[in-house]
Amino acid sequence: MTKNQDSMISYVLKYLSDKEKITEATIQDAVKLFLSIVPLNDSEQTEVIKELQARLQIDIDRGVYITAKDHKPWYADAKADIEPLFWERYVQYLQNECGWVPKVITEMDRFSDELMDLLGNPGQETGFSVRGLCIGNVQSGKTANYIALMNKAADAGYRVIILLTGTIEKLRKQTQQRVDEGFTGLDSKALTKDRDSVRVGVGLNDARVSGFAVTSTMSDFNTSSAQKIVGRLDAIHDPIVFVLKKNKSVLEKLERWLRVCNTTRTKKTIDLPMLLIDDEADNASINTKDKENPTAINAAIRKLLALFSKANYVGFTATPYANIFIDPETDDKMIAEDLFPRDFIYALKAPTNYIGADRIFLEGGDCSFMLHENDDCEEYLPIRHKSGAVPAGKLPESMLEAIAAFFLANAVRDLRGDVKSHRTMMINISRFIAVQEAITSQVDELVRTMLREIRNYYRAGEQAMEYDTFRLLRKTWDKYYAPMETIDFEWPDIQEALHAAVAAVEVRTINGGNASKYLNYDEYDKGLRLIAVGGLSLSRGLTLEGLCISYFYRNSQMYDTLMQMGRWFGYRSHYEDLCQIWMPATSMSWYAYITEATNELLSEVNRMKLLNMTPKDFGLCVRSDQAALMVTARNKMRSAQDYTMTLSLNGRVVETPFLDSTLQVEQDNLRATENLLSELQKAYPLEKDDAGLALKAPQFRNVKKDYIIEYLSTYNTHPLNFDFHAEDFVKILREDKGPDLDKWDVMIASGKGEERKLEGIPVRTVQRIFDYKAKQHAFQMSGKGSRLGSRDAGKGGLTSDTVEKIEKALHRIEPEKKNLSQADYFKTGIRRNPLLVIYPVQLKAEPGTEKEKLAQKAPVPLIGLSIGIPRVDGQEDKKYNYKINVVKWKELYEVEHGEDLDEQDSTIPEE
């Protein structure tokens, strides 16, 4: 973009910032309005309109959070007295310097408001200790989110901010620079100079406030520098920020300096409100030893928190598996409690322009075109190899294609006018530095050969095809890029542009020792064009600017490590169609599986929100039934337990004996049920009085499974119903191609309670005695027996003749059995439809008891379900394995053993 184009974009974004509905015509009119101020030719106008459309069509949903029951909201009331100087200049910076659109900034504003409210109130007289976790996505902009939080915290009165960035110095320096630009407004490497001469980022927008950085882009925490710059914390009126690596000696030095210089014999804590943000919170922060002897970094973080009377710990991670397995009951008086997020978990949502795992790896993802297999790499370098391994022979064909694709992507981006942008290719196939250097040497030799041939023959027209480089490039072009409708260029255009586009390409090994030196994007005003060969340093935290080609051949089997290796996740504005990823076929299936497991974990957070639960009240679990994969490192799951859930599609009945006591959930379930019944009445006869039916309850027969799928997709199942996961039924029904589950019967159970109407259908409610699980907001049917249904319900959808046949068959199998269960009617193999029973439940209790008060307060009806599946020969049970945290294990114990491990009150929470 030219300077005039950038100016036009800035004018239009400001002009449209308060418009709710923005169309293509709206954007075109706005551009025309400013043409007299910023002249553009026709092609420049077209590019500007495309850019504005891309930015203004970004959407983002609100995040979901769960919080502690004793949390007291404070931030909304406090905002009236807060002058948002830090926040407003950050907004200006995001708009003017970073090109953020109002919609995304507004959502960040909401998120940071909600997160501020979950922290302690810095103005209160009493102390507090908060533990929380924010779950984002890999490469999705977590840094911008926590810098937003830092700005609002500074406005609200927080005086000390400690930011932990991971274990790599390059990442710490990257983050320090972002903090300089987005929070302090001062260049930290030049703080000894006059402040007006070193202003950067937000500092150029408003110099009335600034943060005070003790660390810099040049060095981590240093005691002598801290003493010289700060002295005592209470002598500085600006908010003070420390940006640190998670390194034992660094953290211990900071804790020692804070304790020695800022506490006294009589006052052991520091009274200034403190916010500690732990980026990559699942990395290094987790205690992988026992409770009594925690790891050094974990202990150091806990000591830092204990040093402040008003302390907040907020972890940020895209891979929260290790964090939810922290034992919530760890509380060492010498070190303070562990980092389990007892106070809140916040699940961030990514904007629609974010390219994440769902879009790449799940079926139907619009970015699945990026994926290509590279199993031929095994002959070049086995996926399992030792540090002394030597890559064999020439580079594999898949890597040649990947390098060629990088060259072509550079040419297309130049032709699109994106000349000064950074471009990166990643090669991550070994964790050993010596092996990485050997690969770098071979790749560099190939690249230099290709560059020579391109320089000599790129203007030779068809004659260039006599050379290997051009044959490889043309073959790759025809295979991956020529078929794309989004690319408007022909091969002659590409060939002509190649030399200028790739002449500056460099090949470098990137590891912990040299990342600071070689990933120096800021030193390249015209854009760095880099092929980065590495391992660990390319696997977590570091941002590879303009990453468009990824070549990945690694054998990590842990969810968190694999997801963090996915540097290809992120934002790829104007070049997502050029991005390509090579990886083993097995890895593709692993990423798809991990994505589904992660989505299930996040859905649990959503469910907890609906139920007004907290992390300490309600357990979390991560699906783990891929034998080849581990959720996280074993030493991070010391408190985790194994649990297997069996979802049977063969002669069983499963039901929902736990019904939500949360009003909103019950209203949603009632609404979903009435929607189902409305649709069924349009398509099927209501068979209530047919003399041939075994039961007289309202029934629909031979219902297409699509209706069942839609209903179960909208029904909120209480998580304590361990054997009834509506989402699992939905998945199985969608995947099933056979005839056995195509047609269903649907019955509304009838009892002896009050008469009600469900979508015009008169029913009598089913009365059930119950227990109340206060912490989980659940009514448990029939006391400890946990039963919802009745024996006769298994006859739903059947004629009297079919019931007689089934009962005779059961008598032959078990002649002594007198009382048949609901499930017995699905075991014989006699042909019948699967059955969905809807239970309109009315709670029942002894008069004059506390339970009677609960029953009177509960909605009528509550909606429970049961599903019966007839036995089908050859149909196997579906088993799902989970890793569950301590709280989840306690819930299972309570339900399965019929006893409570914790005291519970007996009040339904107010809505």
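**Charges, rings and cores**

Trainee: Over the face of which residue does Lys851 lie?

Mentor: A charge counts as sitting over a ring when NZ of Lys or CZ of Arg is within 6 Å of the ring centre and within 35 degrees of the ring normal. Lys851 is 5.8 Å from the ring centre, over the face of Phe770.

Trainee: What kind of model is this?

Mentor: Residues are numbered from 1 along each chain as its sequence is written, and side-chain values use heavy atoms, leaving out hydrogens and water. Local features need pLDDT of at least 70, side-chain atom pairs count only at pLDDT 80 or more, totals for chains, interfaces and linings use all residues, and the model is predicted.

Trainee: Which residue's side chain makes a polar contact with the side chain of Lys851?

Mentor: A polar contact is a pair of N or O atoms within 3.5 Å; within protein, one must be able to donate a hydrogen and the other to accept it, and residues adjacent in sequence count only if both atoms are side-chain atoms. The partner is found in strand 28, where strands (E, at least two residues) and helices (H or I, at least four) are DSSP runs numbered from the N terminus. At 2.5 Å from the side chain of Lys851 comes that of Asp771.

Trainee: Is Asp771 buried or exposed?

Mentor: Under 20% relative accessible area means buried, over 50% exposed, and in between partly exposed (1.4 Å probe, protein chains only). Asp771 has 16%, so this residue is buried.

Trainee: How far apart are the closest N and O atoms of Asp338 and Arg302?

Mentor: Side chains of opposite charge can pair when their charged atoms come close. A salt bridge needs a side-chain nitrogen of Lys or Arg within 4 Å of a carboxyl oxygen of Asp or Glu. In this salt bridge, the closest N and O atoms of Asp338 and Arg302 are separated by 3.9 Å.

Trainee: How many residues apart are the two along the chain?

Mentor: Arg302 belongs to helix 11 (residues 296–306), while Asp338 is in the loop between strand 9 (336–337) and strand 10 (344–347). Both are buried, since Asp338 has a relative accessible area of 6% and Arg302 one of 0%. The pair links distant parts of the chain, with a separation in residues of 36.

Trainee: How are the rings of Tyr457 and Tyr467 arranged?

Mentor: Rings of Phe, Tyr and Trp (its six-membered ring) pair if their centres lie within 6.5 Å; planes under 30 degrees apart are stacked, over 60 edge-to-face, and the rest tilted. That rule gives 28 aromatic pairs. For Tyr457 and Tyr467, the centres are 3.9 Å apart and the planes at 10°, so the pair is stacked.

Trainee: Which helix gives the most residues to the largest nonpolar core?

Mentor: A nonpolar core joins buried Ala, Val, Leu, Ile, Met, Phe, Trp, Tyr and Cys residues through side-chain atoms within 4.5 Å. The largest has 98 residues, and Phe407, Tyr481 and Trp568 touch the most other members. With 12 residues, the leading contributor is helix 15.

Trainee: How many residues are in the second, separate core?

Mentor: Its members include Leu676, Val766, Leu788 and Ala855. The number of residues in this second core is 62.
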